[in-house]
Amino acid sequence: MQAGSLSGAELARALLAHGFDFFTGVPCSLVASLITALEPHGYVAETREDAALGLAAGAALAGRRPLVLMQNSGFGVSLNAIGSLQDIYALPCLLVVTWRGYEGKDAPEHLVMGKAMPQILDAMRIPWRTLDAAAADADVAWARTRLDQRPGPVALVVPPGVLA
Amino acid sequence: MTAPVERPCTRDAVAALLPEIADHVLVCANGFLSRWACALGDRDASFYMIGSMGLASSIALGIALVQPQVPVAVLDGDGNLLMNLGSLAMTGVLAPPRFRHVVLDNGVYASTGNQPTISSRVALEEIARAAGYRAVARVRDGAGIAPALRRQLAEPGPTLLLIETQPEAGPPAPRIPYTPPEMTARIAAAIARLAGAAAGTR
């Protein structure tokens, strides 16, 4: 993958084209350009990642197809909501989770979650993919298909350097 | 000297408030609140949260943001609200005009054995006021619930009504009889119906 070859605007266009229409979350620098691109589409800056999942759950009940952005530190905050709300109530939600602590190269506070996150995603049985800058449209299409097959949480994980 | 006011139990408080918000989408916090709301006045437009403690108000806010013309109420508890005080800030800032927050404050985590919360020392309704709720009130007696709620319903939201209650002495209400996906399907249909009706009357 070529570092920084995908812009936030390009990813936002793919998300909109594949039917995602409610955007909320808590920022991470790795997806700053995506947040900027989603702001004109009603992005709601939440106070906490699990509250963003609550907001997304309400939006889904009201007919929307939501996306929740977060750093993987916030993924830790979110686990109960993912398990006892989105999953068991079959509420569609695309999680866009940044991969801080990727390959053990980051500030100390990110290393434990950075190493454990793939196993946590698998243990929670959350379908997930690493976002590929060269195949972002296909990755978003995959997420949409998974959500249509079984409404619930689905994740696209964003390592450093994928988004410009 | 007047007699001390008797706080209503959760069951009586829920019974008093449900008729006032019968035309609202209702999101009920997990625990005994959901069970009483289901036992005393189940309907399609009610959502019973069985997990994700703290998030009832966030779920209700998500509905209200997408369908601002549909009246939405959240039946919250003191323990639930203390777990997600950030939702007061979000609701106050986003200010959906038909959003009604009702907090039953029994001062305990009832469904885990009545361990005390800190709510007796925190004016939760004043936090809501400071966060931007348009009107807030606190009631301490069962007879005051319906009039206080009616006053707020006549005003633009978001509003918050805190009702001081006492823990239930009798047995809890039965568990929610629906599976979570059943609850999702029926409230989604109810919201769509109410949104269509609201659009038709504009």
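1. Helix α6 of chain A, residues 136–149, lies across β4, β5 and β6 of that chain and runs at about 165° to β6(A). Here helices (H or I, at least four residues) and strands (E, at least two) are DSSP runs, numbered from the N terminus. Angles run from 0 to 180 degrees between N-to-C directions, and axes are lines fitted to C-alpha atoms, for helices over the stretch in contact. Contact between two residues requires that their C-beta atoms, placed from the backbone, lie within 7 Å.

2. The model is predicted: local features need pLDDT of at least 70, side-chain atom pairs count only at pLDDT 80 or more, and totals for chains, interfaces and linings use all residues. Residues are numbered from 1 along each chain as its sequence is written, while chains are lettered from A and ligands numbered from 1 in the order in which they are written. The predictor assigns the complex an ipTM of 0.96 and a pTM of 0.96. For chain B the average pLDDT is 95, and 97% of the residues score at least 70; pLDDT is the predictor's confidence in each residue, from 0 to 100. Where pLDDT is low, predicted coordinates should not be read in detail.

3. The helix of point 1 belongs with an open sheet of 6 strands in chain A, ordered β2-β1-β3-β4-β6-β5 with parallel pairing. Strands β2 (44–45) and β5 (128–130) of chain A stand at the edges with a single partner strand each, so one side of each has no neighbour in the sheet. Pairing requires that DSSP find at least two bridges between two strands.

4. Within the chain A sheet, β1 (residues 22–25) and β3 (residues 66–71) run parallel and are joined by 4 bridges. In this pair, F23(A) stands opposite L67(A) of β3(A). Helix α4 of chain A (residues 72–87) lies across β3, β4 (93–98) and β6 (153–158) of chain A, at about 145° to β3(A).

5. Chain B also has an open sheet of 6 strands, in the order β2-β1-β3-β4-β8-β7 and with parallel pairing. Its edges are β2 (46–48) and β7 (135–139) of chain B, each with a single partner strand, so one side of each is left without a neighbour in the sheet. From one strand to the next, the twist averages 15°.

6. Strands β7(B) and β8 of chain B (residues 159–164) pair in the parallel sense over 5 bridges. V139(B) is placed opposite I163(B) of β8(B). Helix α6 of chain B (residues 124–131) lies across β4 (99–105), β7 and β8 of chain B, running at about 175° to β7(B).

7. Helix α6(B) also packs with α5 of chain B (residues 86–94), at an angle of about 40° and with the axes 8 Å apart. The two helices α5(B) and α6(B) are therefore oblique to each other; angles under 35 degrees count as roughly parallel, over 145 as roughly antiparallel, 65 to 115 as roughly perpendicular and the rest as oblique. L88(B), A89(B) and G92(B) in α5(B) meet I127(B), A128(B) and A131(B) in α6(B). By class this contact has 5 nonpolar, 1 polar and no charged residues. Ala, Val, Leu, Ile, Met, Phe, Trp, Tyr, Cys and Pro count as nonpolar, Asp, Glu, Lys and Arg as charged, and the others, Gly among them, as polar.

8. Two backbone features of chain B merit a check. Most residues other than glycine have a negative phi, and most peptide bonds are trans. A95(B), in the loop between α5 and β4 of chain B, has a positive phi of about 50° although it is not a glycine. A cis peptide bond, with omega about 0°, joins G157(B) and P158(B); P158(B) is in the loop between α7 (145–153) and β8 of chain B.

9. At the interface, 24 residues of chain A are in contact with 26 residues of chain B. On the chain A side, α3 (49–61) and α4 are the elements that give two or more residues, and α3(A) provides the largest share, 9 residues. That side comprises 14 nonpolar, 6 polar and 4 charged residues.

10. Helix α3(A) packs with α3 of chain B (residues 56–66) at about 45°, with the axes 6 Å apart, which makes α3(A) oblique to α3(B). Among the residues that meet are G54(A), L55(A) and G58(A) in α3(A) and I59(B), G62(B) and I63(B) in α3(B). The contact of α3(A) with α3(B) divides into 12 nonpolar, 4 polar and no charged residues.
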